[in-house]
Amino acid sequence: MMFPLFETIAITNGKIQNLALHQQRYINSLKQFYGKNTLNIHDFSEIIQIQTALIQTQHAPLIRCRIDYNATELQVQYFAYQRKTYRTFQPVICDEIDYGLKYADRTYLNQLLQQKGDCDEIMIIKQGKVTDCTIGNLIFRQGEVWVTPDTPLFAGTQRAKLLAANKIQQRTILLEDIATFDEVRLINALNPL
């Protein structure tokens, strides 16, 4: 079975995180990828089985729930997750990248990641503007203020949550602006601010 799209959802101490944001993105992605008449929409609150997740991960405090899907079917998997620290980012210029949906085929992103050198991750620059890294959105700190690029490749749920809560702001960040920031962090469903 081919599943071209996927969602990654955090389960923290037995609680699903940002479920409504993931559900809406799933619905929007189905409509965008398969067309407006997509009728077979699954309710994530019914398909994510917390007890199964806890048993399969030996009661890990942080679980990565991966839901691969197509127009009619989906597959759910659970993995214990240990956060990693990303301290250094190598800017990589790529003007032709398009990652507006969460595609299961990450070949192109993995090819870009090979350019990271001694850094922990890459920072993708498209047409002179900072976008994302290969596994999440980026946020930058200037003093007490956190900002995120207004040109993300992919609008992540953690980014949306932080923007809605006014914990981060969005603005254009150019390649030459990177040096003006005090700190850069990676955020995604499993790595909050």
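Helices here are DSSP runs of H or I with at least four residues, and strands are E runs of at least two, both numbered from the N terminus. By that rule, T157 sits in helix α5 (residues 157-164). What you're looking at is a predicted model, where local features need pLDDT of at least 70, side-chain atom pairs count only at pLDDT 80 or more, and totals for chains, interfaces and linings use all residues. Residues are numbered from 1 along each chain as its sequence is written, and side-chain values use heavy atoms, with hydrogens and water left out.

**Around T157**

- T157 is buried, at 4% relative accessibility; buried stands for under 20% relative accessible area, exposed for over 50%, and partly exposed for what falls in between (1.4 Å probe, protein chains only).
- The side chains of T157 and H22 are joined by a polar contact of 3.3 Å. Such a contact is a pair of N or O atoms within 3.5 Å; within protein, one must be able to donate a hydrogen and the other to accept it, and residues adjacent in sequence count only if both atoms are side-chain atoms.
- Setting aside residues up to four places away in sequence, T157 touches N18, L21, H22, R25 and A189, with contact taken as heavy atoms within 4.5 Å.

**β1 and its partners**

- Strands count as paired if DSSP finds at least two bridges between them.
- β1 (5-12) is one of the elements giving two or more residues to the largest nonpolar core, and seven of the eight residues in β1 are buried.
- β1 pairs with β3 in the antiparallel sense, over eight bridges. In this pairing, A10 stands opposite R64 in β3.
- β1 also runs antiparallel to strand β2 (residues 15-16), joined by two bridges, and here I11 faces I16 in β2.
- The hairpin of β1 and β2 has two residues between the strands, and N13 in that hairpin takes a positive phi near 50 degrees.

**Two open sheets**

- As general background, strands of a sheet pair through backbone hydrogen bonds, either parallel or antiparallel.
- One open sheet has four strands in the order β10-β9-β8-β11, with mixed pairing. Its edge strands, β10 and β11, each pair on one side only.
- Neighbouring strands of that four-stranded sheet are turned by 35 degrees against each other on average, direction ignored; axes are lines fitted to C-alpha atoms, for helices over the stretch in contact, and angles run from 0 to 180 degrees between N-to-C directions.
- Within this sheet, β8 and strand β9 (residues 145-149) pair antiparallel over three bridges, and F140 has V147 in β9 as its bridge partner.
- Another open sheet has three strands in the order β5-β6-β7, again with mixed pairing. Here β5 (89-93) and β7 (129-130) are the edge strands, each pairing on one side only.
- Strand β6 (residues 121-126) meets β7 in the antiparallel sense over two bridges, where I125 stands opposite V130 in β7.

**Nonpolar cores**

- A nonpolar core is a set of buried Ala, Val, Leu, Ile, Met, Phe, Trp, Tyr and Cys residues joined through side-chain atoms within 4.5 Å.
- The largest one has 17 residues, of which I11, I48, I63, C65 and Y78 touch the most other members.
- Besides β1, the elements giving two or more residues to this core are α1 (19-34), α3 (50-56) and β3 (62-69). The largest share, four residues, comes from β3.
- Leaving aside neighbours within four places in sequence, I63 is in contact with I9, A10, I11, A53, L54, T57, Y78, F79 and L190.
- Another core lies apart from this one and has 13 residues, including V130, C133, V147 and F181.

**Salt bridges**

- There are five salt bridges, counted wherever a side-chain nitrogen of Lys or Arg is within 4 Å of a carboxyl oxygen of Asp or Glu.
- R66 forms one with D68, with the closest N and O atoms 2.9 Å apart; R66 and D68 are both buried.
- R141 and D182 make another, at 3.7 Å from N to O. R141 lies in strand β8 (residues 137-142) and D182 in the loop between β10 (169-171) and β11 (183-187), so the pair ties together parts 41 residues apart in sequence.
- R185 and E183 meet in a salt bridge at 2.8 Å, N to O. R185 is partly exposed at 31% relative accessible area, and E183 is partly exposed at 26%.
- Through shared partners, salt bridges join R141, D182, E183 and R185 into one network.
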